[in-house]
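Here's a quick walk through one model, from its open space to its packed interior. Have the structure open while you read.

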Amino acid sequence: MQLETLLANITQHSQIKDAYGATHLPIYNTATFDLKRQSPDEQVYDYSRSDNPTRNALETIFAKAENGFGCVCTNTGISAIALLFETVLKTNDHVLIEKDCYGGTYRLLNILFEKNNITAHYADFTDLAEVEKIVESNTIKLVVCESPTNPSLKIVDIQELAIVAKKHNALFAVDNSMATFASQKPLELGADFSVFSSTKFISGHGSVTAGAIVSKDAFWDEKFKYIANAQGRAQSPFDVFLVSLGLPTLTYRMKAQEASALKLAEFLETHPEVLDVKYPGLLSHPQYELAKRQLKIIPAVLTIELKSAEKAEEFIKKCQLFGEKVSFGCADSRLEIPSRMSHATNTEEDLAAKGLSHATVRISIGLEDTADLIQDIAQALDYTENFTEQLVDVLNAK
C-alpha cells in the first residue's frame, strides 16, 4: 500500500472500532471508560492516560507509515525526545549526538547531565570517520541523529550511520521531524527508533503541538508505553484529532512546498546581499547527491547567511508575508534567527561549532504563491535593477 492510500482514510487503515462508520477519526474525549460496557474479547480501555481509542488509531497509522512495530504519541515533539532519553539512558551512560542538533535537544541533554551524570559526545555525522573514532573510544549506548539537521540542513547518511552503530552494539535513533515518513523512513534504513515532532509538516497547520516515537521491535515499544503512561506524556484525544487532519494532504503539501523552496533558494543564490544559501535541493549543497538518494521530498526549509546581524534583523522586519515565528512545516511561511530563538540556549562557542551566527536566518516555506514569496524576499533585501528579469528566469527555470 502506498503512503497516500494509507493516509487518505485513517479510520479504515487504523482499524478503529466505530459503530457508526465515521469517515474521519472520531474523538473519544473522555478521561475514563466504563468497563462493564466493553467486550472482554476486544481491547479494554479504563483511563485515557494509559490508552485511548483515538490516540491508539493514530499510533497504528504512524507505525504502519514508518514500517515499525508500534508507536507512542506524546503531547509535544520534545516530550518524545525526552521519553527516548529517559527510557534508553541510565546513570553514567554515554550518548553520541549530531553537533548540529535541535536547540531543545541540546537543552534537554544538559538537564540530564546534571541529573543522571549522562555523558554526551558531539560529532559531525557527515564525517563517518569522526563518528567511528568516538564510538570506538567510548561505550556509546545511544546514537541520535537528525537529517536534515536543524538549522544547518546537513544530510546524514542514515544507512551508513546505522552500520556503525550496530557494529558497536549501540541503539540508533533518528529525529525525523523535518523529513517525516513522507520523505524518508529511518527504520528501513537501519534505525531502531524514528522520533518526530508531528507539530511540523505532519500536522501542517500550526494548530497543535505533538510528537511520537516509532520502534522497530516490541521490546522497546512496550518500554516507551510504560514510561509514557507513568509520566503522563500521552497526547490528548483532541490533539490527536488535530494532527490527523493533516495526514491526507501531507505528501501533496510537502511536494508543493518543495517546489517553492527550490525556486526561492535559486533566487537567493543570485542575490548580492546573501552570502550563503543552504538547501539540500540545490546543486551547490555538499550532500546534494545523498539528499536526492535518501529523500523522496526535500523539506521546504532553508537557511541563509546575511552580511551582518543588523542586516538579518532588518530583513526580518521588512518581510511582510513571512512571520517571525519558531517551528517550521506549516501552511504559512515563516522565518527566525536561530541564535536568539530555537538555539538561544547555545553558547557562542556552540553556535560557531554548528556554523551558525547572528546573521543566520532560517526560512520555512509555506503554501503561498511562489512569486509572491520571492517578491516579498526581494523587497526585504532591496530590489536589484534587473529584479523582474531575475524573477521570470527563476520561475521559468526547470
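## The largest pocket

The largest pocket in this predicted model has a volume of about 650 Å³. It is lined by 17 residues, and those closest to its centre are Lys17, Glu42, Gln43, Tyr45 and Pro53.

What's the lining made of? It splits into 6 nonpolar, 7 polar and 4 charged residues. As for finding such spots, rolling a probe the size of a water molecule over the atoms shows where empty space is left.

## The main nonpolar core

Now for the packed parts. The largest nonpolar core holds 89 residues, and the ones touching the most other members are Phe62, Phe315 and Ile363. Helix H10 (residues 250-269) supplies the largest share of this core, with 7 residues. Domain 1 (3-247) and domain 2 (250-396) both chip in residues, so the core lies between them.

Another core sits apart from that one: it has 28 residues, including Ala80, Ala82, Val95 and Leu171.

## A look around Phe62

Which residues does Phe62 touch? Leaving out residues up to four places away in sequence, Phe62 contacts Cys71, Cys73, Phe181, Phe196, Ser198, Ile202, Ala212, Val214, Val243 and Leu247.

One of those contacts, Val243, is also among the buried residues of helix H9 (residues 237-244). The others buried in H9 are Pro237, Val240, Leu242 and Ser244. And what covers the buried residues of H9? Helix H2 (10-13) and helix H3 (53-66) are among the elements that do.

Definitions and conventions:
Residues are numbered from 1 along each chain as its sequence is written. This is a predicted model: local features need pLDDT of at least 70, side-chain atom pairs count only at pLDDT 80 or more; totals for chains, interfaces and linings use all residues. Side-chain values use heavy atoms; hydrogens and water are left out. A nonpolar core is a set of buried Ala, Val, Leu, Ile, Met, Phe, Trp, Tyr and Cys residues joined through side-chain atoms within 4.5 Å. Buried means under 20% relative accessible area, exposed over 50%, partly exposed in between (1.4 Å probe, protein chains only). Helices (H or I, at least four residues) and strands (E, at least two) are DSSP runs, numbered from the N terminus. Domain bounds come from an automatic or database domain assignment. Contact means heavy atoms within 4.5 Å. On a 1 Å grid over the protein atoms alone, a cavity is a set of points where a 1.4 Å probe fits but cannot get out, and a pocket is an open set with protein on both sides within 12 Å along at least five of seven lines; lining residues have an atom within 4 Å of a point. Grid points are joined across faces, edges and corners, and a volume is the space filled by probe spheres set on the points. Ala, Val, Leu, Ile, Met, Phe, Trp, Tyr, Cys and Pro count as nonpolar, Asp, Glu, Lys and Arg as charged, and the others, Gly among them, as polar.
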